[in-house]
Amino acid sequence: MPVAQDQSPRRSITHLLVTAGPTHEPIDSVRFLGNRSSGRLGVSLADQAAQRGWDVTLLLGPVSILPTDSRVRLRRFRTAADLQGLLREEMTRATILIMAAAVADYRPLDGASPGKIRRTADNLRLELEPTPDLLAEVAQSRTPGQFLVGFALEPRERMRASAAEKLARKNVDMIVANPLETMDSATIEALVLQANGVENFTQGAIDKTEFGSWLLTLIEQAAGKDAR
Ligand code: CTP
């Protein structure tokens, strides 16, 4: 007897795409604009998801930390433009995206200056252009069943309002909001808002590994219920 096909857009294996680390936007052949993101949280999420049996691809920026689980498929980026290209390729098979990368908001207009900018006695003015919002771009072209998670690093007093604003503006399923001190720290404190109105928060600051497990469970439950 033929077996009935599952018509649900949800697939049984979770294909997780995680982005982590900063972007470096070159100013000239030796200098760049960057930020202090360590990539630690995203790498830990990738390792822990692989240990849960998920199929994991990690898009990792210019950091020294690497995943320890050999099942994590690793691709590297340097600039926001590199990451944009990788996301376009990798979102075709992802069921969940965790966008933990600290993407630069601005980059030098017209790209890097050729060679090395020389010192002179004059002031130097750098003109910057905004980078594309990669998460919003992914959300615009998402396919049914893809669950998108963004992050928001915010001053503590603005965490809830900014997270709610980013949830709507970027059209994602979940925003993980953290206070500014989280960047480059071993611990994390988070408020998680979902598009369906559900809210969760950690009890104070917790270790990033412990937080990773907590967040993956939350995402697993939410994506299972709400994948669109
Ligand atoms: N993000 C992105 N592309 C950008 C900037 C940010 O995809 N060019 C993603 C980040 O990876 C994160 C989320 O958007 O998951 C929120 O990033 P954040 O820097 O907090 O927000 P911004 O969009 O930069 O807004 P603001 O500058 O107002 O904080």
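What is the volume of the largest cavity? The legends below come to that after a visit to the ligand. Keep in mind that this is a predicted model.

**View 1. The ligand and its neighbours.**
Welcome to the surroundings of the ligand, where 17 residues form the shell. Among these residues, A101, L135, F151, K166 and K170 come nearest. Sorted by class, the shell holds ten nonpolar residues, two polar ones and five charged ones.

**View 2. Polar atoms facing the ligand.**
Look here at pairs of atoms, one from the protein and one from the ligand. D105 places a polar side-chain atom 2.8 Å from an oxygen atom of the ligand. M99 takes part through its backbone: a polar backbone atom of M99 is 2.8 Å from an oxygen atom of the ligand. With T131 the partner is a nitrogen atom of the ligand, which lies 3.1 Å from a polar side-chain atom of T131. On its own the ligand has 570 Å² of accessible area, and the protein covers 77% of that.

**View 3. The pocket that holds the ligand.**
Where does the ligand sit? You will find the ligand in the largest pocket. Two or more residues of the shell around the ligand come from each of α3 (134-140), β9 (147-154) and α4 (159-170). The largest share belongs to β9, which gives four residues to this shell.

**View 4. The lining of the largest pocket.**
Now step back to see the pocket as a whole, with about 910 Å³ of space. Its lining is made of 34 residues, and A101, A102, V103, F151 and L153 are the closest to the pocket's centre. At least two lining residues each are supplied by α1 (40-51), α3, β9, α4 and β10 (174-179). The lining of this pocket divides into 18 nonpolar, eight polar and eight charged residues.

**View 5. The largest cavity.**
Here is the reply to the opening question: the largest cavity has a volume of about 40 Å³. A search of the whole structure turns up one cavity of 30 Å³ or more. Which residues line the largest cavity? They are H15, L16, L17, D55, T57, R73, E90, R93 and A94. The strands β1 (15-20) and β4 (55-60) are the elements that give two or more residues to this lining. With three residues, β1 has the largest share of the cavity lining. By class, the lining of the largest cavity has three nonpolar, two polar and four charged residues.

Conventions:
Residues numbered from 1 in each chain as written. Predicted model: local features only at pLDDT ≥ 70, side-chain atom pairs only at ≥ 80, totals over all residues. Heavy atoms only, no water. Near = heavy atom within 4 Å. Polar contact = N/O pair within 3.5 Å; in protein donor to acceptor, adjacent residues only side chain to side chain. Areas by Shrake-Rupley, 256 points an atom, 1.4 Å probe, with all protein chains shown as cover. 1 Å grid on protein atoms, 1.4 Å probe; cavity = no way out; pocket = protein on both sides within 12 Å on 5 of 7 lines; lining within 4 Å. Sits in = over half its atoms within 2 Å of the grid points. Nonpolar A, V, L, I, M, F, W, Y, C, P; charged D, E, K, R; others polar. Points joined across faces, edges and corners; volume = space filled by probe spheres on them.
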